[in-house]
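Here's a quick walk through the side-chain contacts in this one, rings and charges both. Have the viewer open while you read.

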Amino acid sequence: QVQLVESGGGLVQPGGSLRLSCAASGSIFSINARGWYRQAPGKQRELVAAITSGGRTNYADSVKGRFTISRDIGKSTVYLQLNSLKAEDTAVYYCNAGYYYSDYVPRYWGQGTQVTVSS
């Protein structure tokens, strides 16, 4: 089992920035990738970004150039830097951990953190 704890959500104005953090504990040796999903009201959950144990990253087209996923291996923590935020980025953001082969497949989920972009 892998436990994930997110932090860093909140209310921000359009054009602003936030940094989300996700600390992992437990059997983290069993996974080879970490990621972030989000779910906006009335919409399906969607992949935002993922990073493999080798440092390979991929992003949803809607966030490329604005969001950056990174990791601190020593702290087993993954970050999501959100810049140039838009109202449509408003969602609950979920940290996850899983496997990456041809695609990212999340296996464990955090509880979610709310990001609201509004003036």
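## Aromatic pairs

In this predicted model, the ring search turns up two aromatic pairs. One of them is Tyr94 with Trp109: the ring centres sit 6.2 Å apart and the planes make an angle of 75 degrees, so this one goes down as edge-to-face, the label for planes over 60 degrees apart. Tyr94 belongs to strand β9 and Trp109 to strand β10 (residues 104–109), so the contact ties together parts that are 15 residues apart in sequence.

Is each partner buried or exposed? Tyr94 has a relative accessible area of 15%, which makes it buried because the cut-off is under 20%. Trp109 comes out at 34% and is partly exposed. Add Tyr37 and you get a cluster: ring pairs link Tyr37, Tyr94 and Trp109.

## Charges over rings

Trp109 has another neighbour worth a click. Arg45 lies over its face, 4.8 Å from the ring centre. So for Trp109 there's an edge-to-face partner in Tyr94 and an arginine over the ring face.

Elsewhere, Arg107 does a similar thing with Tyr108, lying over the face of that ring at 4.7 Å from its centre.

## Salt bridges

How many salt bridges are there? The count is four. Among them is Arg38 with Glu46, whose side chains meet at 2.7 Å, N to O. Arg38 is buried at 7% relative accessible area, while Glu46 is partly exposed at 34%.

Asp89 and Arg66 also meet at 2.7 Å, N to O. This pair links distant parts of the chain, 23 residues apart: Asp89 is in the loop between β8 (77–82) and β9 (91–100), and Arg66 is in the loop between β6 (57–59) and β7 (67–72). Both ends are buried, with Asp89 at 1% relative accessible area and Arg66 at 11%.

## The network and an exposed aspartate

Which residues are joined up into a salt-bridge network? Arg38, Glu46, Arg66 and Asp89 are. On the burial side, Arg38, Asp89 and Arg66 are buried, and Glu46 is partly exposed.

Then there's Asp61, which forms a salt bridge with Lys64, with the closest N and O atoms 3.1 Å apart. Asp61 has a relative accessible area of 65%, so it counts as exposed, the cut-off being over 50%.

Notes. Residues numbered from 1 in each chain as written. Predicted model: local features only at pLDDT ≥ 70, side-chain atom pairs only at ≥ 80, totals over all residues. Heavy atoms only, no water. Buried < 20%, exposed > 50% of the residue type's maximum accessible area, 1.4 Å probe, protein only. Helix = DSSP H or I, 4+ residues; strand = E, 2+ residues; numbered from the N terminus. Phe/Tyr/Trp six-rings, centres within 6.5 Å; stacked < 30°, edge-to-face > 60°. Lys NZ or Arg CZ within 6 Å of the ring centre and 35° of its normal.
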